[in-house]
Amino acid sequence: MATSLPPIADVAGVIGTAGHVDHGKTTLVRALTGTDTDRLPEEKRRGISIELGFARLELPSGRRAAVVDVPGHERFVRHMVAGASGIDLVLLVVAADEGVMPQTREHLAIALLLGVRRGVVALTKCELVEPAWLALVEDDVRALLEGTTLARAPMVHVSALTGQGLDELRVLLDQGLEHAAARLDRGLARLPVDRVFSVSGFGTVVTGTLTSGALQIEDRLELLPSRLPARVRGLEVHGSPVTRAAAGQRVAVNLVGVERAEVRRGDVLATPGALGAHQLLAVRLQVLPGHVLEHGQRLHLHLGTAEVLCRVTLLEGERIAAGGQGFGLLRLEEPLAAGRGDRFIVRSYSPLATLGGGVVLDVGRRYRRQRAEDLEALAVAERGDPAELLREALRGPVPRTLAQAAQMAGLAPQEAAAAAAALLSQGRAVVLGGSGDGLLLLEAARWEDLRQRLTQELREYHRLFPLRAGMPREELRRQVLGAAEGRAATAVFATLVAQGLVRSEGEFLSLPGFRPQLSAAVQVQAEHLVSALEAAGLAPPSVGEALEAAGLAGGAAQQAELLAFLVSSGRLVRAEGQLYFGARAAAEAASRVRA
């Protein structure tokens, strides 16, 4: 893959076919593009598509579009979902001699659930039917599309055999892509892998639709969910070498650092840290008419190009009725790269049937059934207000960097920065240190809670250990900020010190008014101990004898605390061998040695 050519800038988007088996999708793509997308010997032998096929379409405007040809057979719906997950426009193919069939309905439902809002209908094999019959089929398709976002999709009569309608279809596809909704680009690269192979002399190559961000040669990426590091050696768009690929383009990526056997369909190439691999997804579910979703049901989840088994926890009831919606939690049987806003399809475990789909609202966090606070948090996530999403991400038990919070909230860097500025100006978040993407933030109410917990922990520590100078920093971090990294804990403590709520002395933290002190009864005994050791001069008794002579009761721990306090306050001097001297006696001895 050469690297001397400039990026291709005339790519219009990605078109995906949809429709019943043997309705002529692959034949139509071949007529439009000149490419036979059935490349497998088994596909040639059986005369049906089994795997995804890909072609390049030259549009009348001079731009290019990528075409993803999907299998129509019900046994290969999982491949169809993988192909449809990155498209900008659906080409719904209906054979004029058969009309609307089961996979016509299923493929249309899948495209709509995946958020495809633009489409063109091609009535194929028009040379086989009479005009009157063709009009009936057209009415049937219009009835199918009624009430959907494709209700006004243009329809064209075509024949791959005679060439009828092909030029008109190209124009309609060009216009449809021109008006397709812009992709939500979060600025971080993300490419769901739909194909992987090896090229002699180059190594591992993956293909997919770049759904977000951009890729350049020498970019460093990570492969999810395995988190293997990889580097971009070369890029191709529509078979042409490029130096840069942008969101919305179908890309072939030559990778360094991963072997062919380490990559599979469903993996995701992404900017390091842009995505996580999760087994818990909070979602909004939409159930198709004619189906019901039960609490605890085992499902096939299709997200991006991946398919995993999962079990659904319904958060609002025991079932979602046909055509209904509801919040749910998907517990995946293996990790999956996912982020907020991702669309997905769910199919029944057995027998296989498409039940519905939905959108990911949150990743990696647990939500409880029938709990108002959790349902409200998901409603906030669904509304998608950047400031509210960021605020939710900052409501954790410990501070997070702006970059971490943005990733959790599914926000682009620019969105997150603007949202953070809004929260800070409104007093709904506080800054605990850092700058830029490393800015450490916490939701304001959580900061108040955290301050109270930290000061209460110090107060309790002073009560239990009144003779100690304070609580060690690391111990306080473990007790209250266990999940926080060192930098975050340091920022929290520095803020508390700056606000005058905590005093810092070396590795110890204490409340401002605290001073180590003895109780009245222990004070008398401590004076006896100090006096006895001063009187003994340079021949002190053992520590046990000294404590016993002073009448100091309590366990070894309490006695050790007292001795440490008297040493730190300058009343005693500790020497090797557990010997303690009175401070005056030790000073006199030092003076004599110097003399």
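## A tour from the barrel to helix H11

Begin with the six strands that close into a barrel in the order S17-S22-S20-S19-S23-S24, with antiparallel pairing; two strands count as paired if DSSP finds at least two bridges between them, and strands (E, at least two residues) and helices (H or I, at least four) are DSSP runs numbered from the N terminus. Neighbouring strands of this sheet are turned by 40° against each other on average, direction ignored, where axes are lines fitted to C-alpha atoms, for helices over the stretch in contact, and angles run from 0 to 180 degrees between N-to-C directions.

Before going on, note that this is a predicted model, in which local features need pLDDT of at least 70 and side-chain atom pairs count only at pLDDT 80 or more, while totals for chains, interfaces and linings use all residues. Residues are numbered from 1 along each chain as its sequence is written, and side-chain values use heavy atoms, with hydrogens and water left out.

Next, select S23 and strand S24 (residues 354–363), which run antiparallel and are joined by five bridges; Arg 343 stands opposite Val 359 in S24. Add helix H4 (residues 102–113), which packs on the sheet and touches strand S17 (276–287), S23 and S24, contact meaning heavy atoms within 4.5 Å.

Stay in strand S23 (residues 343–348) and pick Ser 348. Is Ser 348 buried or exposed? Ser 348 is buried, with a relative accessible area of 9%, since buried means under 20% relative accessible area, exposed over 50% and partly exposed in between (1.4 Å probe, protein chains only). Leaving aside neighbours within four places in sequence, Ser 348 is in contact with Leu 299, His 300, Ala 353 and Leu 355.

Now move to helix H11 (residues 444–464), whose 21 residues should span 30 Å at 1.5 Å a residue, and whose end C-alpha atoms, 31 Å apart, agree with this; the expected span is 1.5 Å times one less than the number of residues. Colour the buried residues of H11, among them Trp 447, Leu 450 and Tyr 461. Seen down the axis of H11, its buried residues fall within an arc of 125°, so they line one face of the helix; the arc is that of the directions from the helix axis to the C-beta atoms. The face turned away from that buried side carries the exposed residues Gln 452 and Arg 463.

Finally, show what covers the buried residues of H11, including strand S28 (471–472), helix H12 (473–480) and strand S30 (508–510). Three strands form an open sheet in the order S28-S30-S29, with antiparallel pairing.
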